[in-house]
Amino acid sequence: MFVKVCGLATTADIDVAAEAGADAVGLVISGTSVRGLGRDRVAELVAHVPDGVLSVLVVNDTPAVEAAGIAAALGFGALQLHGRAYGPGEFGAAAGVFPRLWRATALADGPDTRVGALGEEVLLLDSPRAGSGARWDLSLLDAARPEGHWLLAGGLGPGNVAGAIAAARPWGVDVSSGVESAPGVKDHALIRAFVAAAKAAAASPATGSAPAQPSGAPAGP
Ligand SMILES: O=C(O)c1ccccc1NCC(=O)[C@H](O)[C@H](O)COP(=O)(O)O
């Protein structure tokens with residue numbers, strides 16, 4: 001089970017997530033999020049991400065090509081284009097600058113749920129309000145379950161991630177609010193508990209096994 005912890009704000013957050021066994025960490029640039037960081041802070045933090053942990057730049061209101069330029073310049077491992085602002089044109093243009101793209105969307109928006117439909121390496125299915133901690137109706141997956149490298153997100157936490165994995169059968173999971181003590185403030189004990197619960201659930205016979213990771217990159221696609 002691939003585990004991403006998103007919205008990290010300090011080097012200590014990164015250290016704890018990495019030591020807990022997270023496969024990826026997300027740093028957010030956003031004018032609308034409490035977790036939004038400035039470019040200089042993002043540069044400091046991404047330089048702190050250890051080898052073997054995938055660094056993901058997450059944006060929802062930065063123009064795609066600009067975000068791709070930031071991801072390339074700062075040495076990110078992936079760029080998560082999050083939400084309705086990014087369509088086929090944005091993905092195509094961004095890929096010319098930085099090809100390691102993730103697409104984050106909500107099933108309620110009726111997206112194409114084929115992984116790679118817009119050229120992305122990873123699809124993330126979230127609640128309609130990114131980073132809100134809100135859950136969504138996983139039965140929607142019955143009619144549109146992706147295959148391959150897709151992450152489940154939206155209102156996950158240490159106490160519900162095992163059940164969500166069993167119900168949704170994702171390749172990976174993503175969390176932000178569920179490992180915080182206050183909006184934008186990560187709780188290190190909750191990060192450790194979340195990663196442990198997700199990894200344990202993936203090892204359980206009840207949840208089955210996820211597809212193998214593709215080659216060519218540390219700790220992720
Ligand atoms: O986390 C944010 O504040 C955020 C803001 C703008 C775009 C994306 C954002 N987060 C992206 C993520 O990958 C979150 O982890 C995901 O939405 C799940 O969030 P949560 O329900 O709080 O666990």
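Here are a few friendly notes on the barrel and the two pockets of this predicted model.

1. Let's start with the fold. Eight strands close into a barrel, in the order 1-2-3-4-5-6-7-8 and with parallel pairing. From one strand to the next, the twist averages 25°.

2. For a closer view of one pairing, take strand 5 and strand 6, which run parallel and are joined by five bridges. Here Ala104 stands opposite Leu124 in strand 6.

3. On the helical side, helix 3 (residues 64-74) lies across strand 2 (24-29), strand 3 and strand 4. Its direction is at about 155° to strand 4.

4. Now to the largest pocket, which holds about 430 Å³ of space. Its lining has 32 residues, and Arg35, Asp126, Ala130, Gly131 and Ser132 lie nearest the centre. Two or more lining residues come from each of strand 1 (2-6), strand 3 (54-59), strand 4 (78-82), strand 6 (122-126) and strand 8 (172-175). If you are thinking about chemistry, the lining of the largest pocket divides into 16 polar, eleven nonpolar and five charged residues.

5. The second largest pocket has about 330 Å³ of space. It is lined by 18 residues, with Gly83, Arg84, Ala104, Thr105 and Asp109 nearest its centre. Strand 4 and strand 5 (101-106) each give two or more residues to this lining, and strand 5 gives the most, with four. By class, the lining has nine nonpolar, five polar and four charged residues.

6. One residue links two of these points: Ala104 stands opposite Leu124, and Ala104 is also among the residues nearest the centre of the second largest pocket.

Key. Residues are numbered from 1 along each chain as its sequence is written. This is a predicted model: local features need pLDDT of at least 70, side-chain atom pairs count only at pLDDT 80 or more; totals for chains, interfaces and linings use all residues. Side-chain values use heavy atoms; hydrogens and water are left out. On a 1 Å grid over the protein atoms alone, a cavity is a set of points where a 1.4 Å probe fits but cannot get out, and a pocket is an open set with protein on both sides within 12 Å along at least five of seven lines; lining residues have an atom within 4 Å of a point. Grid points are joined across faces, edges and corners, and a volume is the space filled by probe spheres set on the points. Ala, Val, Leu, Ile, Met, Phe, Trp, Tyr, Cys and Pro count as nonpolar, Asp, Glu, Lys and Arg as charged, and the others, Gly among them, as polar. Two strands pair if DSSP finds at least two bridges between them. Axes are lines fitted to C-alpha atoms, for helices over the stretch in contact, and angles run from 0 to 180 degrees between N-to-C directions. Contact means heavy atoms within 4.5 Å.
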